[in-house]
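Here are a few quick notes on the model you asked me to look over. Have the structure open while you read.

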Amino acid sequence: MMVPADDLLGPNGHGQTHIGQQQQQAPDLLGGFSGAVPQQQPNQTVINAGNGVTLSITTSAPAIAGLGKIEPSAAVNQAAQRKPKRKVVVVPTYSCNGGFDSKFNVHARYAKPSDIHGLLSEEEYEREISALNDKLKTTRAKKLDYALLGTGAAIIPLALWGVRHSSQVKKRKKLLEEGIWEFNERMAMSNRNVRMVYHRAKLTGGAEGFLAIEESNRKPISGPEKGDKFD
């Protein structure tokens with residue numbers, strides 16, 4: 001039934017009107033209206049029609065489930081920023097022996113970052129990296145390796161070079177692991193939360209591995225113990 005505008009405003013034209021929100025049901029796939037509707041929240045609209053007549057209309061709007069449980073993105077970002085990051089220093093390398101081998105750069109100014117996060121002093125950094133280079137010296141190519149490669153495409157010399165190179169790679173891996181273990185032992189003996197780690201390449205043929213000096217959560221120990229003491 002239509003209510004004239006004059007009746008809604010009253011005889012003197014000063015009636016009060018409060019307009020609420022209305023929500024219609026959406027038709028389902030069969031052309032009717034779906035019986036399963038979202039949870040509704042009542043909303044009452046009161047219309048003063050004048051002459052002592054008051055119309056009350058109750059409508060409802062759908063409530064969005066789980067809206068109060070959604071955590072603001074700003075709070076999530078702040079929580080992520082509060083989490084401390086582990087200090088990591090990457091030890092750079094450079095080519096030597098005509099590109100056949102590589103060495104770790106002993107100068108702290110070339111490390112990433114150059115301030116080495118204060119994990120070691122510059123003197124300690126240079127001493128430790130120099131000791132590691134000296135340990136790996138025996139695994140580098142010799143004059144015989146250059147001579148075997150200089151023969152060109154001869155099968156026998158190249159095969160001999162391949163055997164020697166494979167042996168040098170395995171020896172380098174073993175000595176590198178020993179050098180890292182010795183460094184970590186010295187840090188553990190001094191109750192310092194510093195460790196050395198070699199991060200190997202995850203994919204064959206991809207980026208090369210790299211040596212890093214990192215902050216460690218190692219607990220202090222009372223004396224030397226054999227075995228892996230870092231995380």
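1. Confidence first, since this is a predicted model. The protein chain has an average pLDDT of 73, and 55% of the residues reach at least 70. Helix 3 (residues 122-135) is where confidence is highest, at a mean of 96, while helix 1 (residues 5-9) is where it is lowest, at 47.

2. Two stretches deserve a cautious eye. Across residues 1-9 the pLDDT stays under 50, and the model gives them 11 contacts beyond four places in sequence. Residues 222-231 are also below 50, with 18 contacts in the model beyond near neighbours in sequence. I'd read the drawn path of both stretches with those scores in mind.

3. Now the sheet. Three strands make it up, in the order 3-7-6, with antiparallel pairing, and the sheet is open. Strand 3 (88-91) and strand 6 (194-199) sit at the edges; each has a single partner strand, so one side of each has no neighbour in the sheet. On average, neighbouring strands here are turned by 25 degrees against each other, ignoring direction.

4. Take a look at how strand 3 meets strand 7 (residues 210-215): the two pair in the antiparallel sense over four bridges. If you want a landmark, find Val89, which stands opposite Ile213 in strand 7.

5. What lies across strand 6 and strand 7? That's helix 5 (residues 155-189), and the helix runs at about 165 degrees to strand 6. Strand 6 is one of the two edge strands from point 3, so trace the helix from there when you go through the model.

Definitions and conventions: Residues are numbered from 1 along each chain as its sequence is written. This is a predicted model: local features need pLDDT of at least 70, side-chain atom pairs count only at pLDDT 80 or more; totals for chains, interfaces and linings use all residues. Side-chain values use heavy atoms; hydrogens and water are left out. Two strands pair if DSSP finds at least two bridges between them. Axes are lines fitted to C-alpha atoms, for helices over the stretch in contact, and angles run from 0 to 180 degrees between N-to-C directions. Contact means heavy atoms within 4.5 Å. pLDDT is the predictor's confidence in each residue, from 0 to 100.
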